[in-house]
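Work through the exercises below with the structure in view. Try each task before reading its solution.

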Amino acid sequence: MFLQLIVSGISIGSIYALVALAMVIIYKTSEVPNFAQGEMAMLSTFVAFMLLASFGQPFVISFAGALVFAVVLGVFLEFVFLRRAKDPNVLSLILITLGFEMMIYGVASWKWGAEQQSFPFPVSDFDIVNLGPAVVSYLNIVTLLVTLFLMFILFLFFRYTKVGIAMKATQQNMLAARINGIRANRILSITWGMSSLIGAVAGMMLAPIATLDPNLMLDPLLKGFASAVLGGMTTLVGSALGGYILGIIETLFGGYISLQFKSIVAFLIIVLVLCFKPSGLFAKHYVRRV
Amino acid sequence: MNEDLFRVENLFISFGGLRAVDNVNFTVKKETIFSIIGPNGAGKTTIFNCINGLYNPDSGRVLFKGEDITGIKPHKVAMKGIARTFQNIELFSRMTTMENLMLGRHLHMKTGILSGATFFRRKSRAALEEIKHRERVEHIIDLLDLQYARNQFVGSLPYGTQKLIELGRALALEPELLLLDEPSAGMNTEEKQDLIFWIKDIQDELGVTILLIEHDMRMVMDISDRILAINFGKPIGEGAPEEIQNNPEVLQAYLGEDELTNAAS
């Protein structure tokens with residue numbers, strides 16, 4: 001049973017890790033936790049669903065279409081709304097993201113209704129491999145592989161590409177980045193596009209296990225946020241690890257202690273982390289010299 | 001030597017009711033050092049911010065090589081060839097010295113994913129370019145004696161070194177005009193002396209024109225070709241160092257009215 005719980009924990013942890021990564025990428029550049037992250041992912045997942053179910057497109061085209069939609073959505077929101085904010089402080093930007101959240105939720109409810117759809121997926125959750133005493137579904141394996149692959153790509157991106165390095169520079173010091181010839185505004189747009197893409201992947205990996213309705217990402221968003229706080233809002237690797245840790249702790253708690261109170265664990269963890277290590281388990285604490 | 005490189009014309013900017021910069025005019029000739037002095041809060045850094053595109057002036061023009069660059073975005077100002085350092089160091093503190101300087105080369109890097117992927121290893125365009133940029137950066141590291149700090153994270157280095165790294169990063173941009181905002185603030189006498197040599201070196205070796213804000217009068221008088229003094233955003237005198245030293249308005253701004261009248265009586 002222990003091993004089985006760990007396997008399930010890693011599987012759900014992958015989703016949390018992706019959501020956490022998506023949040024942290026935006027948070028690092030603008031210090032704004034994007035509360036619309038979940039709904040953006042949900043909308044992109046619905047786009048994939050629409051392409052699959054209503055237009056009868058094959059999986060490859062539907063998923064690629066949804067990812068393209070996600071990038072466009074992210075860039076659009078940043079460009080049309082956030083950039084227009086006049087002399088914004090962090091709080092007003094957060095409120096704008098809350099506004100997005102409600103807008104997108106409304107649009108999705110209007111278009112697809114509250115009824116629960118089942119999301120078709122090329123890999124089944126019921127084909128399984130036996131791993132000693134534990135059972136792993138193909139879907140679990142694909143989720144894990146996709147997550148690790150995305151993290152690897154992100155690592156390469158931030159380490160070796162010109163845009164990635166410019167993004168890192170903007171995250172560390174926007175003023176210095178701008179006077180060294182980096183277009184900080186464009187970097188912000190790219191950030192939103194990337195973040196939205198990662199969120200969409202999380203949504204599409206989650207939809208086959210859960211059921212697809214406008215509330216799809218409500219819980220994962222909060223868990224992803226908790227993971228990011230746990231690992232550290234300023235570190236990509238840390239927040240991803242936070243996702244896995246949270247996933248495992250949560251399933252273990254559900255398995256051994258109480259299934260009903262499983263959801264509370266995440267919030268208990270947020271409170272504990274904020275009390276004892278406010279910048280997160282894996283983040284070095286940096287204080288800016290004033 | 002006598003060519004005008006840079007000119008500020010009738011610059012005005014106010015914040016609320018405060019006139020931070022009030023009709024400032026000056027011209028900087030090529031390959032000279034031009035200093036702006038004035039008491040704290042006189043509007044010196046605000047002038048820099050207007051040049052950089054961080055602030056948009058209410059009126060007036062900023063001309064660089066005859067071209068009007070007023071109000072264009074900071075990254076475009078950098079592309080024109082204007083680099084800058086800040087009064088409170090603005091570095092990428094979680095990167096190494098080398099990485100910080102390489103970021104100064106960002107503008108000059110042409111490689112994208114395509115050209116990086118087309119040829120292989122050392123022969124690729126990307127690799128050749130990287131080598132070229134690294135050579136340039138090594139040259140700057142030599143010039144400023146930063147060898148020992150090359151692979152250290154800049155956040156943990158001493159203040160004086162961080163100031164030099166910021167200067168190095170500005171040089172990596174290969175600017176024609178370099179804006180230095182109080183480069184010697186927080187340095188001890190010895191470091192200041194070194195800084196004077198470096199600034200002169202930079203000018204001799206790289207032919208950069210320098211616009212300087214500085215409080216240390218000895219340094220200003222020593223290295224400047226021309227000086228502009230401002231107070232409450234208004235220019236109160238411009239000229240060669242000797243002229244400024246004897247300008248009654250400047251003395252009054254610095255020493256206060258009482259002492260001047262005392263000295264006169």
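The exercises that follow concern a predicted model.

**Exercise 1. Describe chain B as a whole.**

Task: State how many helices and strands chain B has, and what percentage of its residues count as buried.

Solution. Start with the elements: chain B contains 11 helices and 10 strands. Next take burial: 38% of the 265 residues of chain B count as buried. Last, look at contacts in chain B between residues at least 6 apart in sequence; 66% of these join residues at least 24 apart.

**Exercise 2. Place strand S3 of chain B.**

Task: Decide whether strand S3 (residues 33-37) of chain B is largely enclosed or not, and give the reason. Then find which strands pair with S3(B).

Solution. A residue is buried if 20 or more other C-beta atoms lie within 10 Å of its own. In S3(B), 5 of the 5 residues are buried, so the strand is largely enclosed by the rest of the structure. Now separate the residues by direction: Ile33(B), Ser35(B) and Ile37(B) point one way, while Phe34(B) and Ile36(B) point the other way.

Turn to the pairing. S3(B) is joined by 4 bridges to strand S8 (residues 209-213) of chain B, and the two run parallel. Within S8(B), Leu212(B) is the bridge partner of Ser35(B). S3(B) also pairs in the parallel sense with strand S9 (residues 226-231) of chain B, over 4 bridges. Within S9(B), Arg226(B) is the bridge partner of Phe34(B).

**Exercise 3. Examine two phi values.**

Task: Locate Asn23(B) and Glu174(B), and say whether phi is positive or negative in Asn23(B) and in Glu174(B).

Solution. Begin with the usual case: most residues other than glycine have a negative phi. Asn23(B) has a positive phi, near 55°. Asn23(B) belongs to strand S2 (residues 18-29) of chain B. With 14 other C-beta atoms within 10 Å, Asn23(B) is partly exposed.

For Glu174(B), phi is likewise positive and near 55°. Glu174(B) sits in the loop between helix H6 (159-172) and strand S7 (177-181) of chain B. With 16 other C-beta atoms within 10 Å, Glu174(B) is partly exposed.

**Exercise 4. Describe the contact between the chains.**

Task: Give the number of residues that each chain brings to the contact, and name the elements of chain A that give two or more residues.

Solution. Chain A brings 14 residues and chain B brings 22 residues. On the side of chain A that touches chain B, the elements giving two or more residues are helix H6 (162-172) and helix H7 (174-179) of chain A. Sorted by class, that side of chain A has 6 nonpolar, 5 polar and 3 charged residues.

Conventions. Residues are numbered from 1 along each chain as its sequence is written. Chains are lettered from A and ligands numbered from 1 in the order in which they are written. This is a predicted model: local features need pLDDT of at least 70, side-chain atom pairs count only at pLDDT 80 or more; totals for chains, interfaces and linings use all residues. Two residues are in contact if their C-beta atoms, placed from the backbone, lie within 7 Å. Ala, Val, Leu, Ile, Met, Phe, Trp, Tyr, Cys and Pro count as nonpolar, Asp, Glu, Lys and Arg as charged, and the others, Gly among them, as polar. A residue is buried if 20 or more other C-beta atoms lie within 10 Å of its own, exposed if 12 or fewer, and partly exposed in between; C-beta atoms are placed from the backbone. Two strands pair if DSSP finds at least two bridges between them.
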